Amino acid sequence: MSASIVPLVLSIQSHVALGHVGNDAAVFPLQRLGFEVLPVHTVQFSNHTGYGQFRGLVFGAEHIRDVLTGLRERAALSRVTAVLSGYLGDAGTGGVILEAVDEIRRDNPAVRYLCDPVMGDVGRGVFVNPAIPDFLRNLAIPCANIITPNQFEFELLTGAKLDSVDEAVRTARQLRGRGPDVVVITSLATPDIPGDQLGTLAVDGQGAWLVSTPRLTLHPLPNGMGDVFSATLLARLLGGLALPQALELATATLYALVAATAEGSRDLPLVAAQEQIVAPQKRYTASALAL
């Protein structure tokens, strides 16, 4: 890409000084894949919560709005081609993000908004402010073009209990009717998926595809996996790949990074294994589902 046409991504999510989650997990993969990034932080913590104790601040909505105002004054928002959001910290921040998406769409109706509805996970339950699930369900999801919940978050958003891949596809298609064109469910572990595998399911208006990978047994699993996956998926889609191919590469990158994580580490080796972001060694096929 020439410098004049490098796409610009606005990434609004958490940031930590130690570890790789939120913007610290998303910005570097986007840059390695050739994108300029405007990172706006919703929190500034010493480290991610996987370490237990942490220090820092959750930034309020006015802080986020002020940073976005500064970007607008530099004419940066009008050049944004995609928006990525993740951990919010405060539901009021979400409203500011949606305001920014609406503004950017006025300049560029083709802008894509990927919302990673970070709320919780199996084993940890819901770990966000109690107002955030309702905000995501009622306001953010209808505004988004692409959403990337894990299975726990998808069930929380839809009220469904997924008993099969078929049920996941049907429910994702129903959720598409509320706004997003692309629904991706990560960490899918329905009873019909073998216990030694995990699925990643993508559904759009053209079809449904499932990528299955071996289940890795790290203890603990590193934090920031969803953040890396969402950023990588968005980059591949912005790069012009169709959804199945983007799904394959994003899943392959995440799997390779997790596999390269040292036992006991809470962070993905983004820098040490950065070639896996650009050219993951092993691909896993996105199988089309005939439903």
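# Briefing on a predicted single-chain model

Ala-75 is partly exposed, with 40% of its relative area accessible. This residue belongs to a predicted model, and it sits in the loop between α2 (61-73) and β4 (80-85). Although Ala-75 is not a glycine, its phi is positive, about 60°. The chain around it contains nine helices and twelve strands. Its radius of gyration of 18 Å is close to the 19 Å that the globule rule gives for 291 residues, so the chain is as compact as a globular protein of that length.

**Overall dimensions and surface**

- The C-alpha trace spans about 50 × 45 × 40 Å along its principal axes.
- Of the 291 residues in the chain, 54% are buried.
- The exposed area of the chain is about 12300 Å², and 52% of it is supplied by carbon and sulfur atoms.
- When contacts between residues at least 6 apart in sequence are considered, 70% of them join residues at least 24 apart.

**Nonpolar cores**

- In soluble globular proteins, nonpolar side chains tend to be buried together.
- The largest nonpolar core in this model has 58 residues, and those with the most contacts inside it are Leu-10, Leu-68, Tyr-113, Leu-136 and Leu-188.
- Helix α3 (residues 91-107) contributes the largest share of this core, with seven residues.
- A second, separate core holds 40 residues, including Ala-82, Ala-202, Ala-231 and Leu-238.
- Beyond its neighbours within four places in sequence, Leu-10 is in contact with Leu-38, Val-40, Leu-68, Leu-71, Leu-77, Val-80, Ala-82, Val-83, Leu-84 and Ile-104.
- Two of the residues named here thus recur: Leu-68 is listed with Leu-10 among the residues with the most contacts inside the largest core, and Ala-82 is listed in the second core.

**Strand β2: Thr-42 and Asn-47**

- Thr-42 lies in strand β2, as does Asn-47, the strand covering residues 36-47.
- Thr-42 has a relative accessible area of 0% and is therefore buried.
- A polar atom of the Thr-42 side chain lies 2.9 Å from the backbone oxygen of Tyr-87.
- Leaving out residues up to four places away in sequence, Thr-42 touches Ile-12, Gln-13, Ser-14, Val-58, Phe-59, Ile-64, Tyr-87, Leu-88 and Thr-93.
- Asn-47 counts as buried because its relative accessibility is 10%, which falls under the 20% limit.
- The side chain of Asn-47 makes a polar contact of 2.6 Å with the side chain of Ser-46, and it also reaches the backbone oxygen of Gln-53 at 3.0 Å.
- With residues up to four places away in sequence set aside, Asn-47 touches Val-16, Leu-18, Gln-53 and Phe-54.
- The C-alpha atoms of Asn-47 and Val-16 are 5.0 Å apart in space, while the two residues are 31 apart in sequence.

**Helices α4 and α5**

- The buried residues of α4 are Ile-132, Pro-133, Phe-135, Leu-136, Arg-137, Ala-140, Ile-141 and Cys-143.
- Cover for these α4 residues includes α3, β5 (112-115), β8 (146-147), α5 and α6.
- Leu-136 of this set is also one of the residues with the most contacts inside the largest nonpolar core.
- In helix α5 (residues 151-158), the buried residues are Gln-151, Glu-153, Phe-154, Glu-155 and Leu-157.
- The elements that cover them include β6 (120-121), α4 (132-143), α6 (165-176) and β9 (182-188).
- At the start of α5, a side-chain oxygen of Asn-150 reaches to within 3.1 Å of the backbone nitrogen of Phe-152.
- Gly-159 follows α5 and has a positive phi, near 75°.

**Helix α8**

- Helix α8 (residues 243-259) has 17 residues, which at 1.5 Å a residue should span 24 Å; its end C-alpha atoms are 24 Å apart, in agreement.
- This helix is mostly covered, with 15 of its 17 residues buried.

**A positive phi in strand β9**

- Ser-187 lies in strand β9, and its phi is positive, near 50°, in a residue other than glycine.
- Ser-187 counts as partly exposed, because its relative accessibility of 36% lies between the 20% limit for buried and the 50% limit for exposed.

Notes. Residues numbered from 1 in each chain as written. Predicted model: local features only at pLDDT ≥ 70, side-chain atom pairs only at ≥ 80, totals over all residues. Heavy atoms only, no water. Helix = DSSP H or I, 4+ residues; strand = E, 2+ residues; numbered from the N terminus. Buried < 20%, exposed > 50% of the residue type's maximum accessible area, 1.4 Å probe, protein only. Contact = heavy atoms within 4.5 Å. Polar contact = N/O pair within 3.5 Å; in protein donor to acceptor, adjacent residues only side chain to side chain. Expected span 1.5 Å × (residues − 1). Rg over C-alpha atoms; globule rule 2.2 N^0.38 Å. Areas by Shrake-Rupley, 256 points an atom, 1.4 Å probe, with all protein chains shown as cover. Core = buried A, V, L, I, M, F, W, Y, C linked by side-chain atoms within 4.5 Å.
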